[in-house]
Amino acid sequence: MSSKMIIERIVNKESIAVCAPVLIDAYNNEPWNDRWDMVTAIALLNYSFDTPGFMGWMASLNNKVVGACVGNIEPYYTGQVFFLKQMFVSVGLQKSGIGRQILEIMKDDIAVIGVTTAILFTGKAILDFYTKAGFIEMEGMRMMIYG
Ligand SMILES: CC(C)(COP(=O)(O)OP(=O)(O)OC[C@H]1O[C@@H](n2cnc3c(N)ncnc32)[C@H](O)[C@@H]1OP(=O)(O)O)[C@@H](O)C(=O)NCCC(=O)NCCS
């Protein structure tokens, strides 16, 4: 039987809950080695869902969620911008084109509502993934943290 991938919009919190194990799998491994658990992952994804302008997509392979991308449309002086907050694919299925396909659908869907800019923070180890999808590094920008 051939595998069937579906990418669809996240429209409810039940979908968010099934994305949480994939977030944990992706971010608790290289290169991040985070320590997400179901409570913290669901809290983060629910927070994103509840934030104004939420948009999210999830990829399923044979009815199992294997990847997702979530963020929010935010106002800026240049117009509206999609702020991509989390993007993750199950470790065992990474580098098989799932992330790229999710980003293509994301770009199409935000374009439909007139949004042509997407912005995100990521690690150096991930830059190539986004540059291959048409993103460019913002010269001179640095992410900072206090505390
Ligand atoms: C980053 C991530 C979402 C990419 O998803 P993916 O499904 O593995 O990516 P794809 O298979 O669609 O890759 C598309 C291209 O980017 C490349 N690529 C994918 N992940 C990469 C990485 N971490 N570093 C460099 N290149 C990468 C692929 O090799 C492929 O290149 P090609 O077109 O020359 O073959 C996924 O690896 C992941 O979940 N990583 C852990 C969590 C994470 O870092 N999320 C992003 C934080 S903002």
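**Burial and ring pairing in a predicted model**

User: Why is phenylalanine 83 called buried?
Analyst: In this predicted model, phenylalanine 83 has a relative accessible area of 18%. Buried means under 20%, so phenylalanine 83 meets the criterion.

User: What makes phenylalanine 121 count as exposed?
Analyst: The relative accessibility of phenylalanine 121 is 53%. Exposed means over 50%, and therefore phenylalanine 121 falls in that class.

User: How many aromatic pairs does the structure hold?
Analyst: There are eight aromatic pairs. One of them joins tyrosine 76 and tyrosine 77, at 5.0 Å centre to centre with 45° between the planes.

User: Why is the pair of tyrosine 76 and tyrosine 77 called tilted?
Analyst: Planes under 30 degrees apart count as stacked and over 60 as edge-to-face. The angle here is 45°, which means that neither of those classes applies and the pair is tilted. Tyrosine 76 and tyrosine 77 are both exposed.

User: How do you know that phenylalanine 83 and phenylalanine 121 form an aromatic pair?
Analyst: Their rings lie 5.9 Å apart, centre to centre, and the criterion is a separation within 6.5 Å. The rings therefore pair, and the 50° between their planes makes the pair tilted.

User: What makes this pair a link between distant parts of the chain?
Analyst: Phenylalanine 83 belongs to strand E4 (residues 79-89), whereas phenylalanine 121 is in the loop between strand E5 (118-119) and helix H4 (127-132). The two residues are 38 residues apart.

User: Why does serine 60 count as buried?
Analyst: Serine 60, in strand E2 (residues 54-61), has 8% relative accessibility. The cut-off is under 20%, so serine 60 is buried.

Conventions
Residues are numbered from 1 along each chain as its sequence is written. This is a predicted model: local features need pLDDT of at least 70, side-chain atom pairs count only at pLDDT 80 or more; totals for chains, interfaces and linings use all residues. Side-chain values use heavy atoms; hydrogens and water are left out. Rings of Phe, Tyr and Trp (its six-membered ring) pair if their centres lie within 6.5 Å; planes under 30 degrees apart count as stacked, over 60 as edge-to-face and the rest as tilted. Buried means under 20% relative accessible area, exposed over 50%, partly exposed in between (1.4 Å probe, protein chains only). Helices (H or I, at least four residues) and strands (E, at least two) are DSSP runs, numbered from the N terminus.
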